[in-house]
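Please open the model in a viewer and keep the selection tool at hand. The tour below proceeds from one selection to the next.

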Amino acid sequence: MKRIGKMGNKGYMLIEIILASSIAFALAYFMIELTIKLKNKNDDLLVETLTATDSAIISNGIMRYIKEEYKKDENFVFDCSSLSYDKDSKKFTINGELIDKVNKYAYVGVNYIRCSKDDEKIYISVPIGIEQLGKFYDVDLYYRIGG
């Protein structure tokens, strides 16, 4: 009888080890999966923040340029051709002066940049977005010169 009792204890110990190992591996798997999801969410938020910041910098840069030029000369006439974007270097310039270098995750719809002038009003639209996330941070600028 003593011999059977010893074998029973050894077999029970093996089941405990297998059960504990499977629980440990399951917990490790879920913790790694949770960590990866959190990292991806954090990366998405970083890209969104960078793109929103680029949009604001471009908008402020254009407004600052128009305001400074109008202060220098009250007869200032904004020329839409002074606004340009280099697709290769991802740089926005106005009259040759750098406004912003767009982050590498954002795309700018160069073919869709619109600029129009009516009397003393300027309308500028620059589509900026994040293709992977399907989010858009367009620069839509309505500016009234003077007044």
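Begin with the largest nonpolar core, which has 21 residues in this predicted model. Select Ile62, Ile66, Phe78, Phe92 and Ile124, the residues with the most contacts inside this core. Then colour α1, β1, β2 (91-94), β6 and β9 (139-144), the elements that give two or more residues to the core. The largest share comes from α1, with four residues. As a general background, nonpolar side chains in soluble globular proteins tend to be buried together.

Stay with Phe92 and display its surroundings. Which residues are in contact with Phe92, leaving aside its neighbours within four places in sequence? The set consists of Ile58, Leu83, Ser84, Tyr85, Glu97, Leu98, Ile99, Asp100, Val102, Val108, Ile113 and Val126.

Val108, one of these contacts of Phe92, leads to the next stop. Select Val108 together with Ile128, its bridge partner in β7. The strands β4 and β7 (residues 128-130) pair in the antiparallel sense over two bridges. Now extend the selection to the open sheet of three strands, whose order is β4-β7-β8, with antiparallel pairing. Its edge strands are β4 (107-108) and β8 (135-136), each of which pairs on one side only. In general terms, the strands of a sheet pair through backbone hydrogen bonds.

Next, move to Ser125 in strand β6 (residues 121-126). Is Ser125 buried or exposed? With a relative accessible area of 8%, Ser125 lies under the 20% cut-off and therefore counts as buried. Add Asp140 to the view: the side chains of Ser125 and Asp140 make a polar contact at 3.0 Å. Beyond residues up to four places away in sequence, Ser125 touches Tyr112, Ile113, Arg114, Val139 and Asp140. Ile113 also appears among the contacts of Phe92.

Finish at the disulfide. A search of the whole structure finds one, and it joins Cys80 to Cys115 with an S to S distance of 2.0 Å. The pair links distant parts of the chain, 35 residues apart: Cys80 is in the loop between α1 (2-72) and β1 (83-86), whereas Cys115 is in strand β5 (residues 114-118). Select the torsion about the S-S bond of Cys80 and Cys115; at -70°, the link is left-handed. A surface display completes this stop: Cys80 counts as partly exposed at 21% relative accessibility, and Cys115 likewise counts as partly exposed, at 25%.

Definitions and conventions. Residues are numbered from 1 along each chain as its sequence is written. This is a predicted model: local features need pLDDT of at least 70, side-chain atom pairs count only at pLDDT 80 or more; totals for chains, interfaces and linings use all residues. Side-chain values use heavy atoms; hydrogens and water are left out. A disulfide is a pair of cysteine sulfur atoms within 2.5 Å. Buried means under 20% relative accessible area, exposed over 50%, partly exposed in between (1.4 Å probe, protein chains only). A polar contact is a pair of N or O atoms within 3.5 Å; within protein, one must be able to donate a hydrogen and the other to accept it, and residues adjacent in sequence count only if both atoms are side-chain atoms. Contact means heavy atoms within 4.5 Å. A nonpolar core is a set of buried Ala, Val, Leu, Ile, Met, Phe, Trp, Tyr and Cys residues joined through side-chain atoms within 4.5 Å. Two strands pair if DSSP finds at least two bridges between them.
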